[in-house]
Structures are given as C-alpha cells and as structure tokens.
Amino acid sequence: MLFAPVTLRAVDDPPSILIARQLAESDRLTVGDVVRLSRSADGGDARAFRIAGIYEPTPDPLRLGAVRREVRLHLPDLLALTREPGVPAGTEYVGNINVALVDPADAQTFSRDVTMRMPGVTALPATGATGSTGPFVVLERFHMAIAMVTIIASTVFLLALTIMLVDERRVTVGVLRLIGLPSRRILVQLFIEGALIAIAGAGFGLLLSLASEGLINRFFQWRYDTALVFVRVTPGVAAVCVAIAVPLGVGATVAASWALLRRSGLRLARR
Amino acid sequence: MTNDSVRSSVNGCIVEATHVSRIFSMPAGPVTAVADVSLRIAPGDHMAIRGPSGCGKSTLLHMLGCVETPTAGTLLFQGSDVATLSDRQRSLLRLRQIGFVFQRFFLLPMLTAWENVELPQAEAHVSKPERRRRTQELLEYVGLGARADHRPSELSGGEMQRVAIARALANRPGLLLADEPTGELDGATGEQIATLLDRVNADGTALVIVTHDQGLAGRATRVLTMRDGRIESEVQS
C-alpha cells in the first residue's frame, strides 16, 4: 500500500493504527501522533489515523534489506481506505488466507480436510507450499553442500596438522621405543592425548561458535535493520559437530601415530 | 624373565649369536650390514667392538640389543630366540634386561635428569618408593645427585651421558650396550665416562661398547675387530 505520512496534531478521534518500528524510526513518529494515509502516491483521498502502537515486523528472509515502511489497520479502515470510488462496500474478496494451527504437526491433516470438504479451495501446508524448489529448501541444500565441503577440507587440514604434530615428537617416540616401551603402550598414550585434544578442541569450537553467534546476529541485524536470526547454534547442531570433530581428531591422531610407530625406534630417534 | 635369570642363563650366556646376518633392502639393492657373525656374551663380560665406519658394528650392537632382528642365523637372548619374539616381548626385554647408551644421549628433553632415570622404572611397574630410592642411588652413582632437577638442556655433554648411563641402569640390566658413548665428548669428559663404564662393568653388568676410540677399546677384556660385516679378529686380555 502506498502512503504518505504527514504528521498532524489534535485531529478529532481518528481511527487507530499500528506502524512498523522501522517506519517510526525513519519518520520519527511516536505513539499518539496522527498521520494521514492515502492509497495513491499523490496523496488523494487521504484519511487521518492515530498511531496506537509500534510493532516489530515478523522477520522475513525474502525481504532482507527492504525497509519495512508498513502500517497495520483495522480491516474496516483498510477496506474504506483502499476501496475504489464508486465500488459499494461488501463486494471485497480475499484470494489467500493464512491459518495458524495450534499444533503445526496437524498441517497435513488440516490441508487434506479443507481440500476434501471445500471443493475449489486449495489448502497447502506452508512448509511444503513451495515444493522442493522453494527458496528455503534450496538454501538448506546449499548450506549442506557448504558444510560437506568444509568438513572434507577440515579433515584434510586436520590430518596434515596432526601428522606434523606427531612428527614433531618422533625423537621422543624413538627414544621411548629404544628404552623398551612397546608400540601399543605409546599408541595408547598418543590416543589418549589425541582424544583429550579433540574434546578440548570441540569444546573450544562450541564456545567460539556460541560467542560468534551473538556477534554475527547483532552485526547483521544492525546491518539489515531486522530481528531476523542469522545464526543459531542448537543443541542438535552442537551434538553433530562434536560427533564429527572428536572421532575425526582421534582418528587423525591414531593414523599419524601408527604411521610413525611402524618405523624403527632408532631411525626416529636419529631424525 | 628376571635379572637373576639373565646372570644364570643357558650355557652361562646372556646372548649367543650363531652365524647371524643382517641384510637391509635398499632401493639400489640389498645391503649386507652383518654377515655370518657368531659370538657369545657372558655375565660380567667387557667387550669392545671396533672397525671402520660402515663395517656393521652398530648394526651388530642393535641386534644384540633386540632393536634389529637378524635376517639369517640364530640370536638367543637368555636362551630365547629373538626372531620368534613379538615386538612387545622384544620391547620388554629392552626395558628390563638391556641398557642402552648412545653417542647422542637420546634423553627426553622435556624431562629432568631425575624423570629421565625414573621413566624406565615406572614403565617396568617398579613401586614409587623403590623408584625414588633407585633414582637417587643412580644419580649419586654417576655423580649427578645435585643436578637431579635439571633438564638436559641445562647439562653439559658429559653430564647428559652420565644421566643416559643412569637411565640405562635403571632396571638393573644384565647387559649394557654403548654405541660410541664418548663420540661427542672431549678427551677429559670421555675419560670420565670410560671410568664410569668400567665401574658399571666391575659391579657385575656385562658391557659391550662400539667405539672408534682406541683408549676406550683398550679397557675391554675382549676386543672384536669387524670389517665388511664380519668379525676379522678377537683379542682377549
């Protein structure tokens, strides 16, 4: 809807509206102010409304970056404002209705019910309304692809790093072999160290992600003036990360250690 | 196996090598480091192995110490054929029955002198009070009782070699093997180490030293000279 807010004072009891926070901030409007709204850009047929409240618009990723200059009117006021001159009242119609269910899990059943009982009306669950090519489905697949590439690259990097770290200790391992420590004893020691480092690393990674979660969200919420949450570290995500990181770290340590222990203690010690 | 059993092993020998050879597979072809060597080491022996570089004396020493296994022949350690022992069994032999001293000391740099000497005992499951007593005794034996808390980087070459000798003796081995133990030391310090090794041998530990140092070899009661992987001569005094 096009509107041209004009601040007026002391208009007699105009109908109330709510305005979006962004609009209030950009036009310096406050509760109690009176504005004039029009359905046309030239301001024709403008009507006065009193601001009864300021609301935070529901974050919408599809409208990221758009300035939300929005108002919410009572339905009769909206109809009166937008009705073409000469069109009688009561002839309006709606094309779409959003229905919020108490239990979102009932969406499929509900949509089937409505479709069966009201021929000509199509009811679709919001999550499946866009099918397999909806922007969020595509976005999720994109995230999955990035995650897989990241994990593969991290694995290679981790293995290289672990080989270097274990190799740094080749003299120590060689001396231990020479004075009579069995390979398995050294391997167990390195395994324990690897497991502790992997657990500590995973814990550090989680703390870092929790800390950066707030920073990233605050930055982008400030950047795009939205309440949208960009990053969320859930217990499920954390568990998956730990479940991947710890075995990877331990596995890399064992692989690198085993490669080292296959060599003669004397050659290791002589470096 | 116990240390006492080492001293009263089969035929009075700690080690008995019969026609042992060691051939290394190299990219350019097999290299024979030791060929058809036979020898016996009895408790209390003091043997030196001499010879030019590359003649196989270090490889022979490593076989005697169960670091390498022969590719041919039989090597019995305390009556057990080394070739039939698993890696773990050979490791435990090295831990409990054999002491090693190397030219480059091979101390663990992050541990103090005390910890370096205590480590083999801890791995051999010696009780803590016994470890403490033995470590103190050994560091005093090698004249480093006052340097127990020093790390290798804070010790001189001679002191590091004395710590290495104390470590090699930690589990009361019947056999001490030394590979060029004075090779990185000046004359006076080398003399101190040689005297210390003599004392170790006089206290009952069989000693085999690989050396280029004629003075050090001259202290031994048996001197083997090697050439091209074979024993060229053996002189007993």
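The following exercises, with worked solutions, concern a predicted model of chains A and B.

**Exercise 1. The surroundings of A:Val67**

Determine where A:Val67 lies in chain A and whether this residue is buried or exposed.

Solution.
- Step 1. Locate the residue: A:Val67 belongs to the loop that joins β3 (47-55) to β4 (71-73) of chain A.
- Step 2. Read its accessibility: the relative accessible area is 58%.
- Step 3. Apply the cut-off: exposed requires over 50%, so A:Val67 is exposed at its 58%.
- Step 4. Consider a residue remote in sequence: A:Asp225 is 158 residues away from A:Val67 along the chain, yet their C-alpha atoms are separated by 8.0 Å.

**Exercise 2. Positive phi in chain B**

For B:Cys66 and B:Phe105, state the value of phi, and establish whether each residue is buried or exposed.

Solution.
- Step 1. Take B:Cys66: its phi is positive, about 65°, although the residue is not a glycine.
- Step 2. Place B:Cys66 in the chain: this residue is in the loop between α2 (57-64) and β4 (72-77) of chain B.
- Step 3. Classify B:Cys66: buried means under 20% relative accessible area, and therefore B:Cys66, at 0%, counts as buried.
- Step 4. Take B:Phe105: phi is near 65°, again a positive value in a residue other than glycine.
- Step 5. Place B:Phe105: the loop between β6 (98-102) and α4 (113-123) of chain B contains this residue.
- Step 6. Classify B:Phe105: with a relative accessible area of 8%, this residue is buried.

**Exercise 3. The interface of chain A and chain B**

Describe the extent of the interface, its salt bridges and the make-up of the side contributed by chain A.

Solution.
- Step 1. Count the residues: 15 residues of chain A are in contact with 20 residues of chain B.
- Step 2. State the area: the two chains bury about 1600 Å² between them, and 62% of this area is on carbon and sulfur atoms.
- Step 3. Count the charged pairs: there are 2 salt bridges between chain A and chain B. One of these joins A:Arg185 to B:Glu123, whose closest N and O atoms are 2.8 Å apart.
- Step 4. Count the polar contacts: 6 residue pairs are found across the interface, both residues at pLDDT 80 or more.
- Step 5. Assign the elements: on the side of chain A that touches chain B, two or more residues come from each of α5 (170-178), α6 (183-224) and α8 (265-270). The largest share, 5 residues, is that of α5(A).
- Step 6. Divide the residues of this side by type: 8 are nonpolar, 3 polar and 4 charged.

Definitions and conventions: Residues are numbered from 1 along each chain as its sequence is written. Chains are lettered from A and ligands numbered from 1 in the order in which they are written. This is a predicted model: local features need pLDDT of at least 70, side-chain atom pairs count only at pLDDT 80 or more; totals for chains, interfaces and linings use all residues. Side-chain values use heavy atoms; hydrogens and water are left out. Helices (H or I, at least four residues) and strands (E, at least two) are DSSP runs, numbered from the N terminus. Buried means under 20% relative accessible area, exposed over 50%, partly exposed in between (1.4 Å probe, protein chains only). Contact means heavy atoms within 4.5 Å. Buried area is the accessible area (1.4 Å probe) that two parts lose on being put together, summed over both. A salt bridge is a side-chain nitrogen of Lys or Arg within 4 Å of a carboxyl oxygen of Asp or Glu. Ala, Val, Leu, Ile, Met, Phe, Trp, Tyr, Cys and Pro count as nonpolar, Asp, Glu, Lys and Arg as charged, and the others, Gly among them, as polar.
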